[in-house]
Amino acid sequence: MEGKRVVVSALQFACTDDVSTNLNTAERLVRAAHGKGANIILIQELFEGYYFCQAQREDFFQRAKPYKGHPTILRMQKLAKELGVVIPVSFFEEANNAHYNSIAIIDADGADLGLYRKSHIPDGPGYQEKFYFNPGDTGFKVFQTKFAKIGVAICWDQWFPEAARAMVLQGAEILFYPTAIGSEPQDTGLDSRDHWKRVMQGHAGANLVPLVASNRIGKEIIETEHGKSEITFYGNSFIAGPAGEIIASADDKEEAVLVAHFDLDKIKSKRHSWGVFRDRRPELYKCSISKLLFCLSWDMLLHGSRNQGLCNAFRGKHF
């Protein structure tokens, strides 16, 4: 019997710091993905310009725009309707006095299905997002599109298994992660690309859903308060299957339009038969580290030093 089939795509390209140029590139690649049969097409994070979070600069807040009437969203709505495809659109949102790293989900008829605001906000050399973005207040969401119910989170969210599980528990059939990640300015020897991929492959495998990750490429130099900062974005955009297997992948230098075909009914049957959602024990997952330390310390008072090593391990965060 014919199942519920969907074709997903991940785009990958180098950004300039000119919005019009980047939108033209994104549209060209969306059209190319559509030409390959794609139904849901993921563009990378904050694709309107350079990844400006390398610096803490007041003038960069001028890049933010309100959600309603946002020109990039409006353009992508028109494109989605013309091609009959779903396009999640990443943008820097201004909401009164708050600012968010946000994504609008555009359905195949051009309708705006709603907004997700990035929940986990990183703060480290080269990735100083806390200067610009409030923590998202939407919670993790799923969106019923024409082709599938999808969960969409953003970049740093992808390192947290709780986010992926929360979306799949709400019925997400595919997970999407637009991203901007590359070299580490403070440590040129650190290359996280394989770690980055394995973590998301784990989300796909643990939840038995396909996963689509889109990252940028290219070298971007930003003038910071301490001089120039440089990141080389490593691309490696990929699409994983429901066992975490890599179905399609890009390299670290070339523009790419990845596509993969999935039978969502077949995957649903496999997900149900595998039993990971049947056998969940959420009542056992509520123990925080602080509560565990309290319990172990109390146990030590009652039973002596039997658990001293375990207590010390958790105090030292060796877990």
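What follows is a chat between a trainee and a mentor about this predicted model.

Mentor: Ground rules before you start. The model is predicted, so local features need pLDDT of at least 70 and side-chain atom pairs count only at pLDDT 80 or more, while totals for chains, interfaces and linings use all residues. Residues are numbered from 1 along each chain as its sequence is written, and side-chain values use heavy atoms, with hydrogens and water left out.

Trainee: What makes β3 and β4 a pair?

Mentor: Strands here are DSSP E runs of at least two residues, and helices are H or I runs of at least four, numbered from the N terminus. Two strands pair if DSSP finds at least two bridges between them. β3 and β4 (residues 98–106) have 9 bridges, in the antiparallel sense, so they count as a pair. Along the way, Phe92 stands opposite Asn101 in β4.

Trainee: Why are β3 and β5 called edge strands?

Mentor: The open sheet has 3 strands in the order β3-β4-β5, with antiparallel pairing. β3 (87–95) and β5 (112–117) each pair on one side only. The twist averages 30° from one strand to the next.

Trainee: And which helix lies across β3, β4 and β5?

Mentor: That's α2 (residues 71–83), running at about 160° to β3. Angles run from 0 to 180 degrees between N-to-C directions, with axes fitted to C-alpha atoms, for helices over the stretch in contact.

Trainee: How do you know that β14 and β15 pair?

Mentor: Same DSSP rule: at least two bridges are needed, and 3 bridges join β14 (residues 238–240) to β15 (residues 246–249), which run antiparallel. Ala240 stands opposite Ile246. The two strands form a hairpin with 5 residues between them, and Gly244 in the turn has a positive phi of about 85°.

Trainee: Which residues make the contact between α3 and α4?

Mentor: α3 (residues 161–169) and α4 (residues 193–207) pack at an angle of about 35°, with their axes 10 Å apart. Pro161, Ala164, Arg165 and Val168 of α3 meet His203, Ala206 and Asn207 of α4; contact means heavy atoms within 4.5 Å.

Trainee: What makes a residue count as lining the largest pocket?

Mentor: A pocket is an open set of points on a 1 Å grid over the protein atoms alone, where a 1.4 Å probe fits, with protein on both sides within 12 Å along at least five of seven lines; lining residues have an atom within 4 Å of a point. Here 16 residues line the largest pocket, with Pro122, Tyr127, Trp156, Ile181 and Glu184 nearest its centre. The space in the largest pocket is about 310 Å³.

How values were computed. Grid points are joined across faces, edges and corners, and a volume is the space filled by probe spheres set on the points.
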